[in-house]
Amino acid sequence: MIRLIQLELQKLWLNRTSKILIFVSFILPFTVLVLSSIKINFFGFFTLELGELGIFNFPIIWHITTFCASYFKFFFAIVVVSMIGNEYSNKTLKQNLIDGLSKKEFILSKFYTIVFFSLAATLLIGLATFCIGMYYSSYTEATIVFREVEFLLAYFVKLVGFFSLCLFFGMLLKRSAFALAFLFILYIVEWLVFWGAYEIFDSADKAFQVKNFMPLESMYKLIDQPFQRVVMTKFPDKAELGYDYAVHFSEVAIVIGWTALFIFLSYRLLKKRDL
Amino acid sequence: MENILTINNLTKKFGYLTAVKDLSFTIQKGNVYGILGPNGSGKSTTLGIVLNVVNKTNGDFHWFDGNINTHEALKKVGAIIERPNFYPYMTAEQNLKLVCKIKGVSTDKINEKLEVVGLLDRKNSKFRTYSLGMKQRLAIASALLNDPEILILDEPTNGLDPQGIHQIRQIIKDIAANGTTILLASHLLDEVEKVCSHVVVLRKGEKLYSGRVDEMINSHGFFELKTEKQSELISILEDHKLFDKIKTEDDLVTAFLNEPMSASEFNQLMFDKGIVLSHLVKRKESLEEQFLQLTDNLN
């Protein structure tokens, strides 16, 4: 396993473009997080301190940081897609197999790398969140601090799932640009499914339940948007604002299911293909 | 003798097209094999199948004694197919390190192998800056990293200039001289003739011949003759049971032998019959002539 990760890391690390993208996907969310946590003075007109809004309080901070950081996954998604596209366009995939890498090892080396980077991203965000939270939060009792850390788990599963989807599209289409376009097409398809389900059940709730099983939506649903929750804390008596934002086991299971399917399909595709 | 690769009734179909048809042969240790055939005869497909990049339709093959997986076996094989494929953004050395990691061998031999192909002074240049000849030589260095039991080369001189072709052939000869088994696919007959001891001839995916190069056609060679008494010579040759075919081209007579005969014996015979030859050469068919005969016989 170490050997396979080392292989892939060498391929990525020596490529300038992917090195920059990896850097951006790690550093950018970090910077945004740090910047938003400091007091910003707009040339003396007014000061903006997001900390004052209470969003850096435990446990809600876990929810907010993981939600916002997950948008930066697109940078690494480009890396994932191009690491497959490049292997095809340079024909190095063929050479790797001839040199004695099995098709299974090839897919596994990509998958392990995805897990490795997702884990690194999760740990980084976890650490940063913890530090900022300890600094700003009004509550620092361990029971409150570590409540809702499951958002970190959700973040990790979400990243692995999304990158596995990218890996599969990369294997399917062999070209990075097409694969990224397909992500967008899938997004539209999911809305078409929603529309179809709405026509059948005649209920938006039911239609959303169907859409929740689709790959992109299931990943999105892992961490619900936190803004309504922030508003909720400001107006606790408005019951109609209430929604279910927790991380559910069923949601995690769906995404893990998709991940397994994407990796398996990528392997099947490679196995069947004549290179 | 130890078998390195055994292929049994291998078939590959691409849709309606049969690229390889019921092919069987064995590669034994220590020989230099050529796979010969015109373009599209299934050479690269066959190599692709045994190298784990093309899926077979029928039949089977096994490496060595058949007790290891194909991808494990490939770690003991060095192979170059068609074009050299490396990561363009890595240097030669970095590319070779990656190959070492895949093959699971130590990186100690990188410099040694780069020296063999004469690229040591360019090892820190990026692969994309290399010329085609250098790329091909790097591919050979990469295939040699694990000191392979067998070296597989698919048209290694394709697209090279005469100098590059000469360099590659010299490298192949040196490697063969060290006792490494080599399998060389090519449509260039003189290339195979210069390097190989055994040959497998393919046409449209079917095997026409496999065996030693010098036994490819059961032939005792032919004489090329010139004399002033040409018509007499021809009548003597036609009466003689030693010759089965006689060709005349201007003043050059070519007589094909039925059974062995040396040039001096023949000269004595002619002299006894009162014919003085002004030109006498005994030759064997070149591989090209043999190959054309072999493929023609089936038409």
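A nonpolar core is a set of buried Ala, Val, Leu, Ile, Met, Phe, Trp, Tyr and Cys residues joined through C-beta atoms within 7 Å. The legends below describe views of a predicted model.

**Figure 1. The largest nonpolar core has 128 residues.**
The core members that touch the most other members are V80(A), F163(A), C166(A), L167(A), Y33(B), I182(B) and L184(B). Helix 8 of chain A, residues 150–173, supplies the largest share of this core, with 15 residues. Leaving aside residues up to four places away in sequence, C166(A) touches A77(A), V80(A), V81(A) and A179(A). A second core, separate from the one above, has 7 residues, among them F223(B), L225(B), L233(B) and V253(B).

**Figure 2. Chains A and B meet through 23 residues of chain A and 22 residues of chain B.**
On the chain A side, helix 1 (2–13) and helix 5 (92–98) each supply at least two of the residues that touch chain B. Helix 5 of chain A gives the most, with 6 residues. Sorted by class, the side of chain A that touches chain B consists of 6 nonpolar, 9 polar and 8 charged residues. For the model, the ipTM is 0.84 and the pTM is 0.85.

**Figure 3. H71(B) touches residues of both chains.**
H71(B) lies in helix 2 of chain B, which covers residues 70–73. Its contacts, not counting residues up to four places away in sequence, are G100(A), L101(A) and S102(A) in chain A and N52(B) in chain B. Is H71(B) buried or exposed? A residue counts as buried if 20 or more other C-beta atoms lie within 10 Å of its own; H71(B) has 21 within that distance and is therefore buried. K284(B) is 213 residues from H71(B) along the chain, and the C-alpha atoms of the two are separated by 43 Å.

**Figure 4. An open sheet of 6 strands in chain B has mixed pairing.**
The strand order is 5-6-7-3-8-9. Strand 5 (77–80) and strand 9 (206–212) of chain B are the edge strands; each has a single partner strand, so one side of each is left without a neighbour in the sheet. From one strand to the next, the twist averages 10°.

**Figure 5. At one edge of the sheet, strand 5 of chain B runs parallel to strand 6 of chain B.**
Strand 6 of chain B spans residues 150–154, and 4 bridges join it to strand 5 of chain B. I152(B) in strand 6 stands opposite A79(B). Helix 5 of chain B, residues 132–144, packs on the sheet and touches both strand 5 and strand 6 of chain B. The direction of this helix makes about 165° with that of strand 5 of chain B. Helix 6 of chain B, residues 162–177, also packs on the sheet, where it touches strand 3 (32–36), strand 6 and strand 7 (181–186) of chain B. Between the directions of helix 6 and strand 7 of chain B the angle is about 150°.

**Figure 6. Strand 7 of chain B is largely enclosed by the rest of the structure.**
How many of the 6 residues of strand 7 of chain B are buried? The count is 6 of the 6, which means that the strand is largely enclosed. T181(B), L183(B) and A185(B) point one way from the strand, while I182(B), L184(B) and S186(B) point the other way. I182(B) and L184(B) are also among the residues that touch the most other members of the largest nonpolar core. Strand 7 of chain B pairs in the parallel sense with strand 3 of chain B over 5 bridges, and S186(B) stands opposite L36(B). The pairing of strand 7 with strand 6 of chain B is likewise parallel, over 5 bridges. Here L183(B) is the bridge partner of I152(B).

**Figure 7. Chain B contains 10 helices and 13 strands.**
The C-alpha trace of chain B spans about 75 × 45 × 35 Å along its principal axes. Of the 299 residues in chain B, 36% are buried. Among contacts in chain B between residues at least 6 apart in sequence, those joining residues at least 24 apart make up 69%. The mean pLDDT of chain B is 86, and 98% of the residues score at least 70. Among the elements of chain B, the highest mean pLDDT (93) belongs to helix 3 (residues 92–103) and the lowest (72) to helix 10 (residues 287–297).

Definitions and conventions
Residues are numbered from 1 along each chain as its sequence is written. Chains are lettered from A and ligands numbered from 1 in the order in which they are written. This is a predicted model: local features need pLDDT of at least 70, side-chain atom pairs count only at pLDDT 80 or more; totals for chains, interfaces and linings use all residues. pLDDT is the predictor's confidence in each residue, from 0 to 100. Helices (H or I, at least four residues) and strands (E, at least two) are DSSP runs, numbered from the N terminus. Two residues are in contact if their C-beta atoms, placed from the backbone, lie within 7 Å. Ala, Val, Leu, Ile, Met, Phe, Trp, Tyr, Cys and Pro count as nonpolar, Asp, Glu, Lys and Arg as charged, and the others, Gly among them, as polar. A residue is buried if 20 or more other C-beta atoms lie within 10 Å of its own, exposed if 12 or fewer, and partly exposed in between; C-beta atoms are placed from the backbone. Two strands pair if DSSP finds at least two bridges between them. Axes are lines fitted to C-alpha atoms, for helices over the stretch in contact, and angles run from 0 to 180 degrees between N-to-C directions.
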